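Work through the exercises below with the sequence and the model at hand. Each task is followed by a solution in steps.

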Amino acid sequence: MAIDCQTFYTRCLFLATATLLLWASPSGQIFFCPQISLAQTPTVRETNKSKAEQLYQAATEQLNKGQLRTALKTFEQVLATLREMSAPQAEAATLNQIGLVYNNLGESQKALNYYQQALTIFQQHKARKEQGTTLTNIAAVYRNLGQYQKALEFYQQALALRRAVQDALGEAITLNNMAAVYDNLGQYKKSLEFYQQALAIFDKVKDGRGKGTTLNNIGLNYSNQGAYTEALSYYKQALEILEAAGDRMGVGRILTNIGFAYSNLAEYQKALASLEQALAIRREIGDRPGEAVTLDRMGTVHRQQKSARTALQFYQQALTIFREVNNSPGAGYTLSNIGATLLKSDRFEEATKKLMTAVEVWESLRPGLTDENKVSLFEKQAETYSFLQQALIAQNQIEAALEIAERGRARAFAELLASRLGTENSEQLAVPKPPNLAQIRRIAAEQKATLIEYSIVDDEKLYVWAIAPSGDIAFRQIDTSNLDISLADVARNTLVAAATGRTRGSAPDARAAESANNSAAVSTRRLNRRLHQTYKLLIEPLANILPKNEGDRVIFIPQGVLFLIPFAALQDAAGNYIIEKHTVSIAPSIQVLDLTRQHRQRLRSHPSSQLLVVGNPTMPSIRSIPDEAPTPLSPLPGAQEEAIAIARILQTQAIVGKDATERAIVQKMPQARIIHLATHGLLKELQDMDLGVPGAIALAPDRTPPTGATTAGLPLHQGGAMTSTTADSRGGAGDGLLTSGEILHLKLNAELVVLSACNTGRGTISGDGVLGLSRSFIAAGVSSIVVSLWFVPDAPTADLMTEFYRQLQQTSDKAAALRQAMLVTMRRHPQPSNWAAFTLIGEAD
């Protein structure tokens, strides 16, 4: 979907008599107009000044009417007059105006050239307020080009300047624009926070047009999240304000957004009526980028009404304009829409070409983005990859579809790993290409494993590929349309079915919730109906191509909600668990699996003998109930016994109790070859902390926090990811909560990390895999990690972990060691809740 969000450009007026103006551009950018006066001069100069003023006023009126080409010619006359007068700051202001006109005509490079000329002059004259204005305009161009990281960098510079000179209106404009970028990236919560800040300032300075623009953007934010009724209420408020202000360009934009909201509410006649009004306005005023957005929306309405031919006509018109004005994101959305329409019309070859072009557009937008922004942006692009897989499978291009399935998952993770793990060849690995078919076969052979890659393409089907070590590839299409419940509910119910039993010292509220989930309603029979049903859905179609030797590895590569599935606990018709027949592990993608293997090989050339075993640290305090006093997490005596027993096997000393402080442990982690942490894992208990990346490991606090030092009424932790300097120098925040965000910025060299704690394999499920502790540890340099999917029971977990390390003394294969540990533990504790929670992610050897 193309974005019709309003961003403010800043207009610089130089006339002493001019009033402050705001004007919204096609992409929603409002031009803020500070006043710059020309000094009184002799007669000829006065004549030129008067001429410039008259021309400027005329250009302003033309701009407000949307007469962009006419305004451009008039501003060029102003510029020529000013250069004769040698009035540099007024010249810079006019350069800014010409830049914004070019940008709204879709001529981005010309716009940037004029803005840069203006910025240079303002910098030479130390005009800080005007520098903020121009930086905002430059950022808006980069946003339109889809270069979101660069846009944010310019906005940050502009915001700092505007705050420094106490330019409240300019600050509101920049906050609104930054929010629009976060909308583009799919970070809707952060976007809404910025919009609310901007709206408060517009209200304070009584700027109606700015308020109307931001109300429209808030509506779009809700629309992007599927809250169309709420969006309409904001659009209607904005429309009333901008109609009263005579802002026709803004009105055209809001009518487009209203039409799109109605279409998603299936009120198609209302949608088309609003879109047709918008199209007429945008064509009349020459708003070409806006016209393309409206045409794209009209195509979608006709597609929703199953009128493919008409939809394609509108989409093609939109695509032509998006390309004409160099709007890559808009072109990408429309190409994806065209591809989806052709797919639905069984025009598979044509659909493939359009969708592949859309994929290439999406991938051109990612370079330079932060990891967080890559992850959120991909969420808005994922359906294109699903459409493309369907088009290829319809043409029986099984292997090409596998390449796209791999290309459409964990891309940010792979790029993050490559950039962090490379040494001499780090430049080559910085932006790795997705693996092709030959490389996928090579990876399966090197892993000596059968790779099982799942792809959730829509609500009715699931694709599965099995890649054998020999290179043979089998494909299965699983029909999910006949399920009584959604695939997400299947995954959640399967997890609950396996996770029966007591919990490893969960916090009081979480423990109660988990106990309720795992009530007697879940069968405890040897053949668990839920575990068997999921086996029939996900494994039985592949049973004849899975390896027969129980020692041969099977690496599952789930997608989306399938990361919740405890594959080891799934049961066949005879009641046999998968772990009894296969040696299993998990990977976010084939490429991530390969990168962890490469890293493991590099670690072998610089082996470390240090071991780090931690158990039952003195627990930090958290608030289990908002507004109540924080209480310490419960101690874990079984975890302490586990750590001591494991340390004995590894011939090292366990760190327990008050000695296991966050800072002390973090400082030891980079030198350790094996890291074992037996403690509390925290996930939902910290959901109000706004950590960014969810998840934390409990360690002993280094300090007693001051009274009242809380975040969101929960722990004594500031939350969020630190910079690498902060993490390295301080060894964590010292509050006893080692968060995923802090781990992400460490530099580790461990071949194995075991998180013997609750929920350490959980987190936010995304197109990049599970965002949580496991991803952070692997990104920090760990090649293999063992994590859990639920609240694990204390004593059986201690038995499992002790046996795991005994097995590791006999084999270097971590997946085989974990399997044997599960089988041994199963004999003493037969319920899956006691042994099936843990899974190996990454390199097995």
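**Exercise 1. Lining of the second largest pocket**

Find which helices and strands each supply at least two residues of the lining of the second largest pocket, and state its volume.

Solution. Step 1: the elements are helix H17 (371–394), strand S1 (449–456), strand S2 (461–467) and H22. Helices (H or I, at least four residues) and strands (E, at least two) are DSSP runs, numbered from the N terminus. The model is predicted, so local features need pLDDT of at least 70 and side-chain atom pairs count only at pLDDT 80 or more, while totals for chains, interfaces and linings use all residues. Residues are numbered from 1 along each chain as its sequence is written, and side-chain values use heavy atoms, with hydrogens and water left out.

Step 2: H17 gives the most to this lining, with 6 residues. The lining has 33 residues, and those nearest the centre of the pocket are Ser386, Ile456, Val457, Gln559 and Gly560.

Step 3: the second largest pocket holds about 570 Å³ of space. On a 1 Å grid over the protein atoms alone, a pocket is an open set of points with protein on both sides within 12 Å along at least five of seven lines, a cavity is a set of points where a 1.4 Å probe fits but cannot get out, and lining residues have an atom within 4 Å of a point. Grid points are joined across faces, edges and corners, and a volume is the space filled by probe spheres set on the points.

Step 4: by class, the pocket lining has 16 nonpolar, 11 polar and 6 charged residues. Ala, Val, Leu, Ile, Met, Phe, Trp, Tyr, Cys and Pro count as nonpolar, Asp, Glu, Lys and Arg as charged, and the others, Gly among them, as polar.

**Exercise 2. Two helices**

Compare the span of H22 with its expected value, then do the same for H12, and list the buried residues of H22 and of H12.

Solution. Step 1: H22 (residues 487–498) has 12 residues and should span 16 Å at 1.5 Å a residue; its end C-alpha atoms are 17 Å apart, which agrees. The expected span is 1.5 Å times one less than the number of residues.

Step 2: in H22, Leu487, Ala488, Val490, Ala491, Thr494, Leu495, Val496, Ala497 and Ala498 are buried. Buried means under 20% relative accessible area, exposed over 50%, and partly exposed in between (1.4 Å probe, protein chains only). H22 is largely enclosed by the rest of the structure because 9 of its 12 residues are buried.

Step 3: helix H12 (residues 268–285), with 18 residues, reaches 26 Å from first C-alpha to last, close to the 26 Å expected.

Step 4: the buried residues of H12 are Ala271, Leu272, Ser274, Leu275, Ala278, Leu279, Ile281, Arg282 and Ile285. Their cover includes helix H2 (68–85), helix H11 (248–264) and helix H13 (288–304). Just after H12, Gly286 has a positive phi of about 80°.

**Exercise 3. The largest cavity**

How many cavities of 30 Å³ or more are there, and which residues lie closest to the centre of the largest cavity?

Solution. Step 1: the count is 4 cavities of 30 Å³ or more. The largest cavity has a volume of about 310 Å³.

Step 2: its lining has 34 residues, with Phe563, Ile586, Thr839, Leu840 and Ile841 closest to the centre. Strand S5 (583–586), strand S16 (769–772), helix H31 (773–779), helix H33 (814–828) and strand S18 (838–842) each give two or more residues to this lining.

Step 3: by class, the cavity lining has 26 nonpolar, 5 polar and 3 charged residues.

**Exercise 4. Three residues**

Is Ser740 buried or exposed, and what does Ser740 contact? Place Ala311 and Tyr222 likewise.

Solution. Step 1: Ser740 lies in helix H30 (residues 740–744) and is buried, at a relative accessible area of 0%. Leaving aside neighbours within four places in sequence, Ser740 contacts (heavy atoms within 4.5 Å) Val693, Pro694, Gly695, Gly772, Leu773 and Ser776.

Step 2: Ala311 belongs to helix H14 (residues 308–324) and is buried, also at 0%. Residues up to four places away aside, Ala311 touches Gly299, His302, Arg303 and Thr341.

Step 3: Tyr222, in helix H9 (residues 208–224), counts as partly exposed at 22% relative accessibility. Tyr222 and Tyr188 are 34 residues apart in sequence and 8.3 Å apart in space, C-alpha to C-alpha.
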